[in-house]
Amino acid sequence: MSQSPFILQEQQFLKIRSVLERVRVECAARVVFLVDRDGQTIAFNGDIGDMDTTSFSSLAAGNVAATTSMARLIGENVFPAVVHEGENESIFISVIGRSLLVVVFDGRSTLGLVKLRAKRASFDIAAILDEMIRESQLIAASAKPAFADITDEDIDSLFS
Amino acid sequence: MTFINYASREINCKIVYYGPGLCGKTTNLQHIFDSTAPQAKGKLISLATETDRTLFFDFMPLELGTVRGFKTRFHLYTVPGQVYYDASRKLILKGVDGVVFVADSQEERMDANVESLYNLEDNLQTQGYDLNQLPYVLQLNKRDLPNVIPMHDLTHELQKKGEPVFEAVAKDGTGVFDTLKAVAKQVLTELRKT
């Protein structure tokens, strides 16, 4: 069976973006993403330049999925954080439930600072995500699904 | 799992192309990528070996248009077909909304098709899905080759639940968009129920 949709309401999106902005400013990071573990971008804040954010999120999720499987092979349940250090830019990924907080930073910041601020923000993000999941389940359980009104014509029009 | 973002008014769905090694999964994506207008697609990402065999996955985002004021974006993935990459295949099926099984029509690849189909069912089950409940399309690829099994026999052997079946020659694009449309329609139709 396919699973219920994961629904992000505007108010939750604004809350998440404000937490991401706080993390970005506190860490002096270039950009901060919140990504679903299936690879979908939930929100981001900062300078993305010409970065392909869709591909970036998909690869971040693939990266964590692979390292989580590696963790299990050596008897760990999960690696709660993954770090990639580059010459100029680095990436820190923190697993928060079914989402990933991804911080892209350069020499203006340090890994220690990013870890500390990300950990603090993770509690706020977890609370917002819990609310999202609860509301998604309520909508799924309601008599009227979110897109019950879509007609065959609506769907066909996408392919015409 | 479909992701509906009310803030950016987007519906994001995940479609996975599955099948045995060298059946043409990446070729399907490559054709979609090459034939789609730049504004409707993102980059085609291929995590491949030095010999161009898929190592982890291929990925491309594709925007189909707007439905009820929401942009519909499909995230297309392929899995690595080679038998020993099973751990990667399991990971890629996480959060899937629809599956395309790409079968290799050549006689000598029949066993590989059957094995891969069993593997798909197993791996879906591991992730908590039932193939019978999931949007699903069967594509019979490489129909231009001389040693192919007749369509009727191949369908009889591989069709699981009356899913739509398409003949294809992915390298020249035949059947590629028909397959994609069929699975995308099923995914969107599913959205009306959930």
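User: Buried means under 20% relative accessible area, exposed over 50%, and partly exposed in between (1.4 Å probe, protein chains only). What kind of model is this?

Analyst: This is a predicted model, in which local features need pLDDT of at least 70 and side-chain atom pairs count only at pLDDT 80 or more, while totals for chains, interfaces and linings use all residues. Residues are numbered from 1 along each chain as its sequence is written, chains are lettered from A and ligands numbered from 1 in the order in which they are written, and side-chain values use heavy atoms, with hydrogens and water left out.

User: Is strand 5 of chain B largely enclosed or not, and why?

Analyst: Strand 5 of chain B is largely enclosed by the rest of the structure, because eight of its nine residues are buried. Strands (E, at least two residues) and helices (H or I, at least four) are DSSP runs, numbered from the N terminus.

User: Which strands pair with strand 5 of chain B?

Analyst: Strand 2 of chain B pairs with strand 5 in the parallel sense over eight bridges, and in this pairing B:Ile11 has B:Thr72 as its bridge partner. Strand 4 of chain B also pairs with strand 5, in the antiparallel sense over nine bridges. Here B:Glu63 stands opposite B:Arg73. Pairing requires that DSSP finds at least two bridges between the strands.

User: What lies between strands 4 and 5 of chain B?

Analyst: These two strands form a hairpin with two residues between them. In the turn, B:Arg68 has a positive phi of about 50°.

User: New topic: how many residues of chain B are in contact with chain A?

Analyst: In chain B, 47 residues are in contact (heavy atoms within 4.5 Å) with 40 residues of chain A. The area buried between the two chains (accessible area lost on being put together, 1.4 Å probe, summed over both) is about 4100 Å². Carbon and sulfur atoms give 62% of this area.

User: Which residues of chain B lose the most area there?

Analyst: They are B:Met1, B:Phe3 and B:Arg192, which together account for 19% of what the chain B side buries.

User: How many salt bridges cross over?

Analyst: The rule finds three salt bridges (a side-chain nitrogen of Lys or Arg within 4 Å of a carboxyl oxygen of Asp or Glu) across the interface. One of the residues involved is B:Arg192, whose salt bridge with A:Asp152 has its closest N and O atoms 3.0 Å apart.

User: And which elements of chain B touch chain A?

Analyst: Those giving two or more residues include strand 1 (3-5), strand 4 (54-67) and helix 5 (176-191). Strand 4 of chain B gives the most, with eight residues.

User: What joins strand 1 of chain A to strand 1 of chain B?

Analyst: Three bridges join strand 1 (residues 6-8) of chain A to strand 1 of chain B, and the two run parallel. Within this pairing, A:Phe6 has B:Phe3 as its bridge partner.
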